[in-house]
Amino acid sequence: MQRKAYVPGVAVLLAALLAGCTGGSGSGGPEEDSKGSDSTATATVAQPGKYRTLPEACGAASHDTLDSLLPGIEQIADEEQREKAYEGEATLTYDTDRRDGCRWKVESTSATDHLLIDFERVVSYDNSVSDDSKAEEIYGRKETAADLPEPTDTGSSADSGTSDTATPSSSPAASSSSPSSSSTSPSASASETPVDLQPRTLDGLGDEAFLNDKLSSASSTAQQRTVTVVFRTSNVIVTIEYVEQPTASTEAPDSKEMQDSARKLAQKLVETLSA
């Protein structure tokens with residue numbers, strides 16, 4: 001009689017062991033699925049940009065470069081004031097690894113010159129969009145806002161660094177996104193700026209670049225020219241703004257000279273980023 005009492009207990013124990021084996025083999029499936037989904041998520045994360053930091057904007061231009069763009073510096077007699085002029089003034093920023101800029105303003109006997117250098121490092125917070133792609137998108141908006149005139153094939157170009165040139169009827173003032181551009185007569189701007197010096201995209205400067213050139217009335221007797229060069233290299237966008245306003249002359253500042261100076265500075269900044 002006692003042996004019959006133990007038989008049900010043995011059956012229950014065997015059933016429990018079998019159930020445990022079955023449960024263990026079933027749990028392996030979800031673990032494998034979880035690993036598979038993790039690897040898929042990792043594969044879709046976009047790559048970070050090439051640049052993790054930025055150069056110091058106020059130290060990005062050498063003294064020789066500043067002497068060329070801001071000739072009034074060499075005319076400053078006081079050595080301490082001259083050194084302060086070379087240093088420039090840093091623009092407001094909350095993270096110098098994301099954005100850094102510097103401004104210079106120097107007066108000479110013939111003109112007042114302004115220079116701005118601005119570095120912007122773009123970071124995408126979307127795992128499916130790379131930093132480079134986000135920077136390309138932001139650069140594209142800047143180029144669109146500049147409203148560059150339609151390019152035209154003019155055969156030979158006096159400016160070998162351009163990929164496109166504008167039609168003679170296009171106005172630098174009309175092409176600028178700056179509010180001050182409205183103060184300039186389109187016909188006057190077009191007649192004063194040769195075709196090869198019109199606002200345009202540029203080749204050989206970073207991954208993509210454009211140049212804008214606008215002439216505006218600074219006063220009843222003087223005209224102010226603003227040359228802007230914007231270029232992108234990987235996930236960094238660089239903006240150079242070079243402004244000259246004659247002190248008394250009624251002649252407009254020389255477009256070619258200012259464009260050449262701004263582009264030379266831009267090329268040096270590309271080399272600085274690549275170093």
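**Pockets and salt bridges in a predicted model**

The largest pocket in this structure has a volume of about 660 Å³. Its lining is made up of 31 residues, and those closest to the centre of the pocket are Arg-103, Leu-115, Leu-116, Glu-241 and Val-243. The structure is a predicted model, and every value given here was computed from it.

Several elements of the chain come together around this space. Two helices, helix 3 (79–87) and helix 4 (131–146), each supply at least two residues of the lining of the largest pocket. The strands that do so are strand 2 (99–107), strand 3 (111–121), strand 5 (208–217), strand 6 (223–233) and strand 7 (236–246). Strand 2 gives the most, contributing six residues to the lining. Sorted by class, the lining of the largest pocket holds 12 charged residues, 10 nonpolar ones and nine polar ones.

The second largest pocket encloses about 250 Å³ of space. Its lining has 17 residues, of which Ser-110, Ala-111, Asp-113, Glu-244 and Glu-257 are the closest to the centre. Strand 3, strand 7 and helix 7 (255–274) each supply at least two residues here. By class, this second lining divides into seven nonpolar, five polar and five charged residues. A reader following the chain will meet strand 3 and strand 7 in the lining of the largest pocket and again in that of the second largest pocket.

It helps to step back and look at the whole fold. The protein has seven helices and seven strands. Read from the N terminus, the elements follow the order α-α-α-β-β-β-α-α-α-β-β-β-β-α. The chain has 275 residues, and buried residues make up 40% of them. Among contacts with a separation of 6 or more, 64% are between residues 24 or more positions apart.

Charged side chains also pair up in this model, and the count comes to eight salt bridges. One of them joins Asp-118 to Arg-99, with the closest N and O atoms 3.1 Å apart. This pair links distant parts of the chain, since Asp-118 belongs to strand 3 and Arg-99 to strand 2, 19 residues apart. Is Asp-118 buried or exposed? Asp-118 has a relative accessible area of 10%, so this residue counts as buried. Its partner Arg-99, at 37%, is partly exposed.

Arg-99 takes part in another salt bridge, with Glu-120, at 3.8 Å from N to O. Because Arg-99 lies in strand 2 and Glu-120 in strand 3, this pair ties together parts that are 21 residues apart in sequence. Glu-120 is buried, with a relative accessible area of 14%. Taken together, Arg-99, Asp-118 and Glu-120 are linked in a network of salt bridges.

A further salt bridge lies within a helix. Arg-141 and Glu-137 form this pair, and their closest N and O atoms are 2.9 Å apart. Both residues sit in helix 4, four residues apart, which is about one turn of the helix. How accessible are the two partners? Arg-141 counts as partly exposed, at 48% relative accessibility, and Glu-137 is partly exposed too, with a relative accessible area of 39%.

The two ends of helix 3 offer some smaller details. At the start of this helix, a side-chain oxygen of Asp-78 reaches to within 3.1 Å of the backbone nitrogen of Glu-80. At the other end, helix 3 is followed by Gly-88, which has a positive phi, near 75°.

A last stop is Thr-65, whose place is in helix 2 (residues 63–69). Which residues does Thr-65 touch, not counting residues up to four places away in sequence? The answer is Leu-265 and Lys-268. Thr-65 has a relative accessibility of 7%, so it counts as buried.

Conventions: Residues numbered from 1 in each chain as written. Predicted model: local features only at pLDDT ≥ 70, side-chain atom pairs only at ≥ 80, totals over all residues. Heavy atoms only, no water. 1 Å grid on protein atoms, 1.4 Å probe; cavity = no way out; pocket = protein on both sides within 12 Å on 5 of 7 lines; lining within 4 Å. Points joined across faces, edges and corners; volume = space filled by probe spheres on them. Nonpolar A, V, L, I, M, F, W, Y, C, P; charged D, E, K, R; others polar. Salt bridge = Lys/Arg side-chain N within 4 Å of Asp/Glu carboxyl O. Buried < 20%, exposed > 50% of the residue type's maximum accessible area, 1.4 Å probe, protein only. Polar contact = N/O pair within 3.5 Å; in protein donor to acceptor, adjacent residues only side chain to side chain. Contact = heavy atoms within 4.5 Å.
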